[in-house]
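Welcome, and thank you for coming along. Please open your viewer, bring up the whole chain, and follow the stops below in order.

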Amino acid sequence: MKKAKITEANIRDDVAAHLDLIEPGLVLVETESYLRNQQGASGFLDIFARDAAGKLVIVEIKRTDAAAREAIQELYKYVPLLREKFLLKNTDIRLILLSVEWHELATPYAEFAASAPFEVTAGAIIVDADGTPVEIKPMAPVVLTGERRIGVRHFLWGFPDEATAAKAVAVIAQRVQRFGLTDFVLIQSRATKPILGGRSFLYFAQRELRFEDYMAMIEASFSEDQLEEFRDSIADLTELEDRVAEASDAVWHLHGGVPYHEIGADTAEIAHPEKGGKWFEDWAQEDIIVHRFGRFVDPWLDDQTIIDEIRGEGGESDFRLRFSARTDSPPQMAALRQRVENIFFFNEAWLGAVTQLIRYAERKGGSVRVELIAYSPEDILRAIAASAFGFPGYIPTFSLDVEYNGAVERFIGLPEWDGSPPDFDKVIAEHFSGDSFGYFIACHFGENRSMNRDIMTDLGLRYAVFREGESGPERVRVQGTKIVPVKGAIRWMDLMIDEHQEQVGKLVEIFMTTDQGFAETIQTFLDSDHNIAERQLAKILESEAAPAEEMYWCGDITDCDLCGQPFAAMRFMIDAIFRGGVGANICALCFLQEGRGIGTGRGQVYEASARGWRHVAG
């Protein structure tokens, strides 16, 4: 006698009769339940049930790989059809996907389960020789390759000349591929800083893998003792990203890393997004060549995007971020929120404020562009010491633009001072056991970030939010769909430095005598041509009459129109008029070299202030 063909309908009916195979407490409502709506899209639910908590449960059953390909589309369709029939929330609905074969279904199910706004589970139907379901095994979503992300551990090699650096590319790539890493870049460049003498460099960065992927490489190469030692070393790391970073380092050292003397390099150092941000800052490197390997060989992925992500501006850095999203794009907004949580992990004040500003933008409706540029190092002591020299590079700040209907509303975050006198001796005593070197130990282990808020409170500083207006910034708070001004005089951190120079001087001395990197950064800043020119211009301004009324520059300016240097770190901007009536916004250096002097029709000088570019002469 010929055996009857087993169909999905047979399997469906058998499962419906034994719902306890799926889970205890399921109660059948109907099989082949028909759903329709006004737009004509209809569907039949294989099994319609309720669970023990009363939630609606849709069970979709598939038998073969060919049928499995249709399953996800059908599940997406059923939920809006159910909403036509019932008043439902997403938390009222459960979807269960069952299939005999899972080869074609595993990947789409994993993507669906990760993004669906309702509970989705799955199971493999085990049938006997007669095709009767005897068991349903829960199916966990397969782990998919994550989106592109640059790992946080980088490497940098220095070479005496370009030819040696170029020759080393193939050698490094071969060794890295031997580790088991395939997707990475080596960025060849020549440093522009005079102190580096135009030397050539190679900067290595890799696509970050999952912790499990790194561990698979480690387990395949380590001895039992080495593996136990490594597991012990990461046992106390509570954050996944920290374990990933340590595992990526361990993989790098599997075969001895890349010894710099074997590739012709004369220097080698570990780098990271914060160092990458400094290394690849504007004008710091030239003759840049991005050598790509693995999936980085992609014509649609441009060099600048790769460099920006190495700098950490795509969300890889804990300190800096540059990201843009549109409110009508859920994936972009989800990515923005994730990056905001990352950069403001230790800064609940700005985390809350920026999250509220994002909601404010979303409530406007339509398509609103939100762009966030943020720097949050959580190290106010270093910021104060650097600000005493006029160097803004360590000051925490953010700028958030909300663009809609052709208009841009800009919000900024900056530290604000309450006027209380600072006591740095007390800060060192209470937070670093009375030893200034204890601060640098805390920085080495990152412990200073978690105590930064308490230090700011002791110094009378707080993270504040302002909205830029025609008359300068105003302190604000977000209240639903409104931005509410907050009254009170604004005291910037610079005011504290001016009024308490003796106290700040103690802090400056600690940094300049103990932190060589800080001292070199400040000295380079002070010795730069632009800084010297600004000091010369400041001397000239001492004999110039101050304007009769307070005025500020209107409009956005970013770079010097002549040399292209960014104005962000500069003290002066000059609205200069050249022969023939041509106007330009230029820096102090270009003004002293090319300008026609200070005065009406020649040059008006503006000085950077918390309220914007303030007119100070001409």
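Accessible areas here come from the Shrake-Rupley method with a 1.4 Å probe. With that in hand, the accessible surface of the chain comes to about 31,600 Å², and 50% of this surface belongs to carbon and sulfur atoms. Please keep in mind that you are looking at a predicted model.

**The whole chain**

Start with everything selected. The C-alpha trace spans about 110 × 60 × 60 Å along its principal axes. Colour by secondary structure and you will find 21 helices and 22 strands. Of the 618 residues, 44% count as buried. Among contacts with a separation of 6 or more, 66% are made by residues 24 or more positions apart. If you colour by charge, there are 64 positive and 99 negative charges, and their mean positions lie 5 Å apart.

**Helix H20**

Next, select residues 529-541, which form helix H20. How far apart are its end C-alpha atoms? They are 18 Å apart, which agrees with the 18 Å that 13 residues should span at 1.5 Å a residue.

Now show the side chains of His530, Asn531, Ala533, Glu534, Leu537, Ala538 and Leu541, which are buried. These residues lie on the same side of H20, because they cover an arc of only 155° around the axis. An α-helix has 3.6 residues a turn, so residues three or four places apart point the same way. Turn to the other side of H20 and you will meet Asp529 and Lys539, which are exposed.

What do the buried residues of H20 pack against? Add helix H19 (516-527), strand S19 (572-577), helix H21 (588-594), strand S21 and strand S22 (612-617) to your view to see these partners.

**Tyr606 in strand S21**

One of those partners is our next stop: select residues 603-609, strand S21, and pick out Tyr606. Is Tyr606 buried or exposed? Tyr606 counts as buried, because its relative accessibility is 7% and the cut-off for buried is under 20%.

Show the surroundings of Tyr606, leaving aside residues up to four places away in sequence: Tyr606 touches Tyr552, Trp553, Arg571, Phe572, Met573, Asp575, Trp613, Arg614, His615 and Val616. Then draw a distance from Tyr606 to Met551. Their C-alpha atoms are separated by 9.4 Å, while the two residues are 55 residues apart along the chain.

**Helix H14**

Move on to residues 424-431, helix H14, where Phe424, Val427 and Ile428 are the buried residues. Look down the axis of H14: the buried residues fall within an arc of 95°, so they line one face of the helix. Their cover includes helix H13 (380-387), helix H15 (436-445), helix H16 (447-458), helix H17 (493-499) and helix H18 (501-514).

**Two backbone details**

Our last stops concern phi angles. Most residues other than glycine have a negative phi. Select Asp287 in strand S11 (residues 285-293). Asp287 has a positive phi of about 55° although it is not a glycine. With a relative accessible area of 47%, Asp287 is partly exposed.

Finally, go to the loop between strand S13 (369-375) and H13, where you will find Glu378. Phi of Glu378 is near 55°, again a positive value in a residue other than glycine. Is Glu378 buried or exposed? Glu378 is buried, with a relative accessible area of 1%.

Key:
Residues are numbered from 1 along each chain as its sequence is written. This is a predicted model: local features need pLDDT of at least 70, side-chain atom pairs count only at pLDDT 80 or more; totals for chains, interfaces and linings use all residues. Side-chain values use heavy atoms; hydrogens and water are left out. Helices (H or I, at least four residues) and strands (E, at least two) are DSSP runs, numbered from the N terminus. Buried means under 20% relative accessible area, exposed over 50%, partly exposed in between (1.4 Å probe, protein chains only). Contact means heavy atoms within 4.5 Å. Lys and Arg count as positive and Asp and Glu as negative; His and the chain ends are not counted. The place of a charge is taken as NZ of Lys, CZ of Arg, CG of Asp or CD of Glu. The expected span of a helix is 1.5 Å times one less than its number of residues. The arc is that of the directions from the helix axis to the C-beta atoms.
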